[in-house]
Amino acid sequence: MNQVKAYSAASATALLASTKINRRQPIASDVQIEILYCGVCHSDLHYARNEWNFTQYPAVPGHEIVGRVTAVGGGVKKFKVGDTVGVGCLVDSCRTCPDCRSGLEQFCLDMTMTYGSLDKHLNAPTHGGYSQSIVVREDFVLRMPANLNLAAAAPLLCAGITTYSPLRHWKVGPGQKVGIVGLGGLGHMGVKFAKAFGAHVVLFTTSPGKVADGKRLGAHEVVISTDAAQMAAHANSFDFILDAVSATHDLNAYFNLLKRDGNLTLVGAPEKPLPVAAFPLIFRRRSFSGSLIGGLPETQEMLDFCGQHNLTCDIEMIRMDEINTAYERMLKSDVKYRFVIDMASLKAE
Ligand code: NAP
Ligand code: ZN
Ligand code: ZN
């Protein structure tokens, strides 16, 4: 076992603070990674504050991890010391069930999340990327494209794959009108991917100050979602809408914007249930579904796509000790468009 520096929350109401955590000694199939950058996902905040009611304290969030390999187990084939790699929301799964065999490890009933699960080797809670290093089963480690800025690529490991996967699943492409709801970490990648896939992209935002950025990031149109007239102008016109909002909001207003047989997929995970009215769904055979990150093969495909298209996230770099302020800004929708922690700042503490 190795002790490493980390930042953790001691309770739902505590600020995150410096601590030490245990990491396992790499076994044959493991890769040990020095963490260079870690993105700050809104899920980290939901988890640290126990908004989903499964947090184990002390809680070390962080699942948008990029770093450098510092050691590999004897059985590791794909990585060597010095490689730059990524780790997202998953660090293990059963590898034998139908979901795992289909490369959809995120749906494995026995998957291990980067934080908030049980590390089967240590028999202790898993801890995320707000830390100096991590030990991960080789199969859950991803190759980072060499041409991408590593810090700006970190959020691809969650915000990237969580938006890429449903846009691919629902076959978003040329000739389609696609909506992205919420211009945060996920939403801004949703806009970039939907544009890259050739769709006509409409961003829905509650923040008038984000209109120009929405267009710069790739939206063809931007709608202020609190303006009923702007919303009504788009009624019955969308093939697909991706909802990446972190808080309570009215889904039914968006169902009404879908065409017949259109789909709204929710990736946002607000703390409280969202009311769904029957009529907007049944009258035009619209559908409502969810999506969870993406499996390992698709995550690598997404990273390679980003490498080929030189696509990264718009980030604001912070020090580890700025995390609590970053959470408050995230709650105010004041992120442009993802905070990324420079882990050298933790090393220096
Ligand atoms: P974020 O950066 O904080 O962005 C959320 C955006 O939602 C805000 O920027 C804001 O956009 C909009 N918003 C916030 N409060 C709102 C309100 N009261 N009404 C309407 N819009 C509001 O969060 P994120 O990291 O992108 O994550 C978004 C959600 O996805 C979180 O709930 C997170 O836990 C979840 N998530 C799910 C998965 C998955 O696999 N399904 C993966 C990662 C994250 P505007 O200013 O443009 O309105
Ligand atoms: Zn996330
Ligand atoms: Zn499985």
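Biologist: How do the residues lining the largest cavity divide into nonpolar, polar and charged?

Modeller: This is a predicted model, and in it that lining holds eight nonpolar residues, three polar ones and no charged ones. The residues include Cys89, Leu90, Phe140 and Ile161, along with Gly88, Gly294 and Thr299. Gly88, Gly294 and Thr299 fall in the polar group because glycine is counted there, as is any residue in neither the nonpolar nor the charged list.

Biologist: What makes this space a cavity?

Modeller: It is called a cavity because a 1.4 Å probe fits inside but cannot get out. The largest cavity holds about 80 Å³ of space, and a search of the whole structure finds one cavity of 30 Å³ or more.

Biologist: And the second largest pocket, what is its volume?

Modeller: Its volume is about 240 Å³. The lining has 22 residues, and Arg24, Val91, Asp119, Thr126 and Val135 are the closest to the centre. It counts as a pocket and not a cavity because a pocket is an open set of points.

Biologist: Which strands supply at least two residues each to the lining of the second largest pocket?

Modeller: β2, β6, β8 and β10 each do, and β10 gives the largest share with four residues. Seven charged residues sit in this lining, beside eight nonpolar and seven polar ones.

Biologist: How do you know that β18 and β19 pair?

Modeller: Pairing takes at least two bridges, and β18 (residues 315–318) and β19 (residues 338–342) have four, so they pass. Their sense is parallel. In one of these bridges, Ile318 has Ile341 of β19 as its partner.

Biologist: Why is the unit of β18, helix α11 and β19 called right-handed?

Modeller: The unit made by β18, α11 (residues 323–331) and β19 is right-handed. The word applies because, with the strands pointing away from you, the path from the first strand over the helix to the second runs clockwise. Just before β19, the loop after α11 holds Tyr337, and the peptide bond from Lys336 to Tyr337 is cis, with omega near -15°.

Biologist: Which other peptide bond is cis, with omega near -5°?

Modeller: That is the bond from Tyr57 to Pro58. Pro58 is in the loop between α1 and β4. That loop also holds Asn50, which has a positive phi of about 55° although it is not a glycine.

Biologist: Turning to ligand 1, which of the 30 residues around it come nearest?

Modeller: His42, Thr205, Thr206, Ser207 and Arg338 come nearest.

Biologist: What makes the pair between Thr206 and ligand 1 a polar contact?

Modeller: A side-chain N or O atom of Thr206 is 2.6 Å from an oxygen atom of ligand 1. The limit is 3.5 Å, so the pair qualifies. His46 passes too, since its side chain has an N or O atom 2.8 Å from a ligand oxygen. For Gly185 a backbone N or O atom lies 2.8 Å from an oxygen atom of ligand 1, so that pair also counts as a polar contact.

Definitions and conventions
Residues are numbered from 1 along each chain as its sequence is written. Chains are lettered from A and ligands numbered from 1 in the order in which they are written. This is a predicted model: local features need pLDDT of at least 70, side-chain atom pairs count only at pLDDT 80 or more; totals for chains, interfaces and linings use all residues. Side-chain values use heavy atoms; hydrogens and water are left out. On a 1 Å grid over the protein atoms alone, a cavity is a set of points where a 1.4 Å probe fits but cannot get out, and a pocket is an open set with protein on both sides within 12 Å along at least five of seven lines; lining residues have an atom within 4 Å of a point. Grid points are joined across faces, edges and corners, and a volume is the space filled by probe spheres set on the points. A residue is near a molecule or strand if one of its heavy atoms lies within 4 Å of it. A polar contact is a pair of N or O atoms within 3.5 Å; within protein, one must be able to donate a hydrogen and the other to accept it, and residues adjacent in sequence count only if both atoms are side-chain atoms.
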